[in-house]
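User: I have a structure open and would like to talk through how a few parts of it fit together. Could you take me through it?

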Amino acid sequence: MKEEKVLTARFGRLKDPAAVAEYRQLAGYEGLEKTLRLSGEEILDELDEALLLGRGGASYPLGKKWRHLYQAAGPDKYIVCNADEGEPGTYKDKALLEQDPLAVIEGMTIAGRLFAARQGYIYIRGEYRQVHQIFTRALENARKAHLLGKNILGIPGFDYDIRIISGAGAYVCGENSALLNSIEGKTGRPRVKPPHLADVGLYGKPTLVNNVESFAGIPVILREGGRFYRQLGTDGGGGTKLVCLTGHLKHRGLYEVKLGTPLEELIYGETFGGGSSTGRPLKFAHFGGQSGMIGDLQQLTDCRYSYEDLWEHGVSVGCGAVVVLDDSVNLVDYLTSVAAFFAHESCGKCTPCRIGTLRQLELMEKIRDGQAEEADLEVLTAMIGHITTLSACGLGQSAGNAIRSGLACFPQDFQEKLAITTNRRKVEVAWL
């Protein structure tokens, strides 16, 4: 099985990814031009037919989100692209912005046309300095070609521009409402919802927020049609997915795959992951970033890489990251680093997340160091339930996903750590 080059079709074919002329030679802006011949309802129908699920991690149907904003009251609306790619093990957005930035700009411009928005924003991760420079040049070239700014394509009243906002490294700003607060110059902390961002978003106006990969798919859908895009995927989600493979694999890297590709092919196939790089059996995979679930590879042999299949097996696509590790790794050691990540990245707005993620880390360190007892596992499970239920946003609500799923898949790894404590106590008692 081979990669399905759709979003990455121009990768390596553009001498200058920011050059409008080169982009247009490879079907660039055909999606926008087709949009001009369609009504708003026809555009939304194509998006519904495509069944593009948001590629940022939440997997919310893009067509449904766009229709909500289309029906929102008010003349002033904003378009925002979330490029704050702070998820460890994920670099797909960086690749799109570096190698095909005009596809993202075209997707945002289509949204601007549909919603009669005059201003768009792209919030780029602050560490991506080179990406920032490339995207700045792409915006400048688009303006010179009358594809951004006043009277786009010579159409009176089609006024739309995009501004870059540089993030300051806060993981929580990947959450849409925290991102909007950051753009407004406020502390990047999540808002209470409802109201939804489609009704009260940036500067209190109706706002669309989508991921880089989602916007890059819009020109394809409008150019080729929603049915074409849908057929690239499955009944549960259309299109291709950019997947970042890391860990103990021979061929680590970024791959574009059809949704529905067998997971075994993705991990072991020579076209993709290529199997173990260490010669040891592969043990588990962490799907969808730090907030995703742990999966036992022995139990996923018949699973396809699709939204519905992964959900059925207790894991998820998420942002597209897949970290694969072999049997030399004790899961507790790995999950302790995950707990440390969330304790560090909690914004501190709500008590369940601010305190809970720290206590979660302390318990994981206690287990890792062989100081825990069986009762501590019960406390850990209960604590994760409280953090998940009571936290204000997705960061806290997902901070325990990996630990909870890891405990379910590999209880023996936790028991091994508890055994260290038990054996130590036996020696102490015998000495006394």
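Analyst: This is a predicted model, and a useful place to start is the contact in which P352, G356, T357, R359, Q360, L363, M364, K366 and I367 of helix 14 meet D376, L377, V379, L380, M383, I384, I387 and L390 of helix 15. The residues of that contact divide into 11 nonpolar, 3 polar and 3 charged.

User: How do the axes of helix 14 and helix 15 cross, and at roughly how many degrees?

Analyst: The axes of helix 14, residues 351–368, and helix 15, residues 374–390, come within 10 Å and cross at roughly 160 degrees. Because angles over 145 degrees count as roughly antiparallel, helix 14 is roughly antiparallel to helix 15.

User: Is the crossing left-handed or right-handed?

Analyst: The crossing in which helix 14 passes helix 15 is left-handed.

User: Switching topic, which residues of helix 8 are buried?

Analyst: Helix 8, which covers residues 176–183, is mostly covered, with 6 of its 8 residues buried; these are S177, A178, L179, L180, N181 and I183.

User: And what do those buried residues pack against?

Analyst: The buried residues of helix 8 pack against four strands, namely strand 1 (78–83), strand 2 (119–124), strand 3 (161–166) and strand 4 (207–211). Just after helix 8, G185 takes a positive phi of about 90 degrees.

User: What about Q119, where is its place and what is it in contact with?

Analyst: Q119 has its place in strand 2, and, leaving aside neighbours within four places in sequence, Q119 is in contact with K77, Y78, I79, Y160, D161, I162 and R163. Taking one of those partners, Q119 and Y160 are 41 residues apart in sequence, while their C-alpha atoms are 5.5 Å apart in space.

User: Why does Q119 count as partly exposed?

Analyst: Q119 has a relative accessible area of 22%, so it counts as partly exposed, since buried means under 20% and exposed means over 50%.

User: Last one, what does the whole protein look like in numbers?

Analyst: The protein has 18 helices and 11 strands, and 56% of its 432 residues count as buried. Its C-alpha trace spans about 90 × 45 × 35 Å along the principal axes, and the radius of gyration of 23 Å agrees with the value near 22 Å that a compact globule of 432 residues would have. Among contacts between residues at least 6 apart in sequence, 71% join residues at least 24 apart.

Definitions and conventions:
Residues are numbered from 1 along each chain as its sequence is written. This is a predicted model: local features need pLDDT of at least 70, side-chain atom pairs count only at pLDDT 80 or more; totals for chains, interfaces and linings use all residues. Side-chain values use heavy atoms; hydrogens and water are left out. Axes are lines fitted to C-alpha atoms, for helices over the stretch in contact, and angles run from 0 to 180 degrees between N-to-C directions. Helices (H or I, at least four residues) and strands (E, at least two) are DSSP runs, numbered from the N terminus. Angles under 35 degrees count as roughly parallel, over 145 as roughly antiparallel, 65 to 115 as roughly perpendicular and the rest as oblique. A crossing is left-handed if the near helix is turned anticlockwise from the far one by less than a right angle, and right-handed if clockwise. Contact means heavy atoms within 4.5 Å. Ala, Val, Leu, Ile, Met, Phe, Trp, Tyr, Cys and Pro count as nonpolar, Asp, Glu, Lys and Arg as charged, and the others, Gly among them, as polar. The radius of gyration is taken over C-alpha atoms; the globule rule is 2.2 Å times the number of residues to the power 0.38. Buried means under 20% relative accessible area, exposed over 50%, partly exposed in between (1.4 Å probe, protein chains only).
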